[in-house]
Protein chains: 2
Amino acid sequence: MAVYTDISDEDLAALLATYDIGEALVFKGIAEGVQNSNFLLETTTGRFILTVYEERVNAAELPYFLGLMHWLAARGFPSATPIMDRSGAMLTQVKGKPCTIVNFLAGLSVRRPGAAHCRQLGDGLAWLHQAADGYEGYRFNDLGQSCWAGMFAPLKAEAEGLKPGLSAVIEGDLAAFQARWPKDLPNGVIHADLFPDNVFFRNGQFAAAIDFYFACNDILAYDLAVCLNAWCFEPDGSFNITHARAMIAGYQARRPLSAEERKALPLLAWGAAMRFFLTRLKDWGSTPEGALVRPHDPLEYERKLAVHRSAQDGGGLMLFGDQPA
Amino acid sequence: MAVYTDISDEDLAALLATYDIGEALVFKGIAEGVQNSNFLLETTTGRFILTVYEERVNAAELPYFLGLMHWLAARGFPSATPIMDRSGAMLTQVKGKPCTIVNFLAGLSVRRPGAAHCRQLGDGLAWLHQAADGYEGYRFNDLGQSCWAGMFAPLKAEAEGLKPGLSAVIEGDLAAFQARWPKDLPNGVIHADLFPDNVFFRNGQFAAAIDFYFACNDILAYDLAVCLNAWCFEPDGSFNITHARAMIAGYQARRPLSAEERKALPLLAWGAAMRFFLTRLKDWGSTPEGALVRPHDPLEYERKLAVHRSAQDGGGLMLFGDQPA
């Protein structure tokens, strides 16, 4: 949550001279995004967000993300549309860094989603999956199941430092995923990071999804599993099955899950917890003592892993009613 | 440049329930302010800024600042107006911290002001002084001339560390101010920190002044002296007399300076450089090695001090033409 690039009025005027969106009236850095800098930009023709991509971003992947946002918005899905400059480019440069200008989206994120929000989110996620259908870009999920063992290998000591004995438990999980991860479920473009702060609501309705910079091609139901973890756990670590069922119902109202997808969902949710546990564990270990910004606590996802692990023994999370899926 | 207070959608809804400004449509932390957190807030009735005052702010002084902003806006000066809540209060609380909601002001700050900007700024500053006339609040300038010797006393070693021999030079300056500081110049409310990032322009015109949290009662011409230092030095350290004369001309078009004010202006500018040198020296010394945010370099103002010091020997800065004032 910071602004890493300093853009003067002259830098901005030079950038806007390459667009057909008028002159700047308001320009303010906003506290959104962790791998890029974002600015609220109001011009004589409307409101926009200028995103400047910082060092951690792989610039070669930006065309996939921007092309997807353009594709989705063109199909009526409420995501930000990249604005083309006079040459027709969605990706340009400011102060030597890649940047894009997208239209501004109104709406508020919710901090503590209720069942109605979860249902709306499920519906919005299915909408995203359907709207993205046909997008020709392809991006391998480099944080997907096939990568987790390799991600964990250098982090074993870190896991033990967090909780003695944890390393062997994680190894067991990884072996289970390797043996049981589904191969034939419907694939497509997934958001892969649709946490509450990446979703805007308006009057209680799903209003927009933002931050497509983890989007990739993977199992569609895995995206729903990411959301179950991100939206349906209570602060005390318990899993709110009412919220989960509301989300799944919202999803299925637009895109019904197959029997295979329903059956796999508890396993996919367990795996989705592993993905966020691993990246948080890595960020945790690489942050110096006393740093101003503490990364997310990996133990939050260690607890979610434990919930899913024990649910597997009981036959699943009861996501679809009183009986295991 | 940061957001220090985390405000959820529920915190915001509870706050807005005490106002008559509608419901939130947009809420984003913005990278403005160093002693407070600022949020862009759009509601069903308009656009606002929510300011949350952080620990460094002396809450007892807030009524002076908010009362001044209200007074200025009521007299047509383009500063943000604090919005009253349903009880008529301009100052309220969110998450246990004092806060205020003000109307939103459009406009852009300039990074490298030209002569036309300086003229506009001079005009805007005189406007501010005239609009503030009659405001009954009083706040002693605790960063004014009578305080500088006390501010410097604990910083002598710091000054020597910056530049050997500097401590004695500063002591000489302080003695000169003590002997020569004017006692009878027109007093009033001054902004005291009207740097380019606190001024918005629109179509090249002065459009707004923000950040009144150093405002106080002091010599009016001293405020102009602060602006001469903040707006009229080139990046190479030279003083741009063309810009300075444009600023003074803009000021005098609205509020002509007396012969005594003109005569005192070079000394006031020297003193204004001391004020910012001292606070920067203090912030510089108290910032730990390796901190993410480096404070402003005190040497910038040490160089400005030197320009003003040598100009005194030559009879002043030639601010009013080819002859000393």
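I looked first at what comes after helix α2 of chain A, and found G76(A), whose phi is positive, near 90°. This is a predicted model, in which local features need pLDDT of at least 70, side-chain atom pairs count only at pLDDT 80 or more, and totals for chains, interfaces and linings use all residues. Residues are numbered from 1 along each chain as its sequence is written, while chains are lettered from A and ligands numbered from 1 in the order in which they are written.

I then went back to α2(A) itself, residues 62-74 (helices are DSSP runs of H or I, at least four residues, and strands runs of E, at least two, numbered from the N terminus). Its 13 residues reach 18 Å from first C-alpha to last, close to the 18 Å expected (1.5 Å times one less than the number of residues).

I listed the buried residues of α2(A) (20 or more other C-beta atoms within 10 Å of the residue's own, C-beta atoms being placed from the backbone), and they are Y64(A), F65(A), L66(A), L68(A), M69(A), W71(A) and L72(A). These buried residues pack against β5 (97-103), α3 (115-132) and β6 (187-190) of chain A (contact: C-beta atoms, placed from the backbone, within 7 Å).

Next I compared the copies, superposed by least squares on C-alpha atoms of residues with pLDDT of at least 70 in both. Chain A can be laid on chain B with an RMSD of 0.0 Å by a turn of 180° and a shift of 0.0 Å along the axis, which is the relation of a two-fold axis. Of the residues of chain A, I30(A) comes closest to that rotation axis, its C-alpha lying at 2.1 Å.

How values were computed. Buried ≥ 20, exposed ≤ 12 C-beta atoms within 10 Å, placed from the backbone. Contact = placed C-beta atoms within 7 Å.
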